[in-house]
Structure formats: C-alpha cells, structure tokens
Amino acid sequence: MKSLKTIQVLANIGKILSKILFILCIVGFCGCIVGILSLALGLESFKIGDVTIRGIIENKAELSMATLYAAMAVGIVYCAAEAVLCKFSEIYFRNELADGTPFTLRGAKELKRLGVIVIIVSLCAGTVCAIGLAIAHRANPEIDKLPLESIGSIGIGIMMLICSLLCRYGAELRSEKTEETLVAD
C-alpha cells in the first residue's frame, strides 16, 4: 500500500496548493481592480523622485495605458476563473482524503465533474477575454493584442476526465473484490 500512501500525500499537497492558489487569485483579482481604479483616478501611489510605476510601464514595458487597462481587465477575468477552479479542486482533494483513496465511485464522479468544470471555465474565460479585447481594440486601436492562455487548461480538463475513468475502473475492481470476499466467506 506504499502507492496509496504516496497518492494520499500528493492529494494533501494538492489540497494545500489549491488553498494557496485560491488566496493568490483573490489577491490578484483585487490587485487588478485596485490598479484599474488607481490609474483611472490618476492616483500615483508608487512614486520615487520623479519616477512613477506608470512611467516605468509606459517606457520600459512599452505598453500604452489602454493596453495596460485591457491587461488588468483580462487579469480580473482569469483570476476569477482560476479562483473558481482552485475552490473546486480543493473540494475534490478534501473529499478524496476523507475517502482515503481516489478509487471510489463518488471520487471518480467528482473528478469527472472537476474536469468538465476546468474545460468549461477555461473556454468561457478565454472567450470572454477574446471578445472583450476585440471590442476594446476596435474602440481603441492603441490596444495591442494580448496573449490568452486557456488551451493548456483544456488539456488538463481532458486529462482529468481520463483519470476519472481510471479511478472509476479502480472503484469497480475494488467493489468486485469485496463482493468476492463476501461470497467466499
């Protein structure tokens, strides 16, 4: 049962990382909102001498203010989407740890649900951002194209669906073995 112990350790790590990433997503979400508001209101909270964060971004990163606003809006959408995924992941890992094994029908069903949620949330976040950026670019051609990364998350969702099938198969094998033991007794 050394493998099961390793799986449980990994599930515990997954649960902890899900919590940490959830908190970081909330911080990122709030940071993007604060960034948009502070730029919109003209607040220069970070100023050293005559150098401001706004000036550094415009000069060194070569981003226009319109592109910066768009990037923060994309950040808000992606942080919200990832926060949702992290919370569902945390729930899955918590329940898996309570069951003591990933090879339960409930765990397989929950992993399948998580895979579907990952795919749908990733597609929706990417679509919302792509449409929003296209509209923003049309309204203000100064807004550059920003890279949108949602394809990797879709692949992870597909892998979760495949893993859920493996876990369900393992649960069915466990169930058959238990039934055989009961019949033999």
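**Figure 1. Five helices and two strands make up the protein.** The model is predicted. From the N terminus on, the elements run α-β-β-α-α-α-α. The protein has 185 residues, and 32% of them are buried. Among contacts with a separation of 6 or more, 81% join residues 24 or more positions apart. The exposed area is about 11900 Å². Carbon and sulfur atoms supply 70% of that area.

**Figure 2. Thr-101 sits in a loop between two helices.** Helix H3 (65–99) lies on one side of this loop in sequence, and helix H4 (105–139) on the other. Thr-101 has a relative accessible area of 7%. That value is under 20%, so Thr-101 counts as buried.

**Figure 3. Thr-101 has contacts within its loop and beyond.** The side chain of Thr-101 reaches the backbone nitrogen of Phe-103 at 3.2 Å. Leaving out residues up to four places away in sequence, Thr-101 touches Leu-4, Gln-8, Glu-96 and Arg-174.

**Figure 4. A nonpolar patch lies on the surface.** Its members are Val-9, Leu-10, Ile-13, Ile-16, Leu-17, Ile-20, Leu-21 and Leu-24. Together they have about 720 Å² of accessible area.

**Figure 5. Ile-20 is a member of the nonpolar patch.** Ile-20 belongs to helix H1, which spans residues 2–41. Is Ile-20 buried, partly exposed or exposed? Its relative accessibility is 42%. Ile-20 is partly exposed because this value falls between the 20% and 50% limits.

How values were computed:
Residues numbered from 1 in each chain as written. Predicted model: local features only at pLDDT ≥ 70, side-chain atom pairs only at ≥ 80, totals over all residues. Heavy atoms only, no water. Helix = DSSP H or I, 4+ residues; strand = E, 2+ residues; numbered from the N terminus. Buried < 20%, exposed > 50% of the residue type's maximum accessible area, 1.4 Å probe, protein only. Polar contact = N/O pair within 3.5 Å; in protein donor to acceptor, adjacent residues only side chain to side chain. Contact = heavy atoms within 4.5 Å. Patch = residues over 30% accessible without salt bridge, like charges linked within 9 Å, V, L, I, M, F, W, Y side chains within 5 Å. Areas by Shrake-Rupley, 256 points an atom, 1.4 Å probe, with all protein chains shown as cover. Salt bridge = Lys/Arg side-chain N within 4 Å of Asp/Glu carboxyl O.
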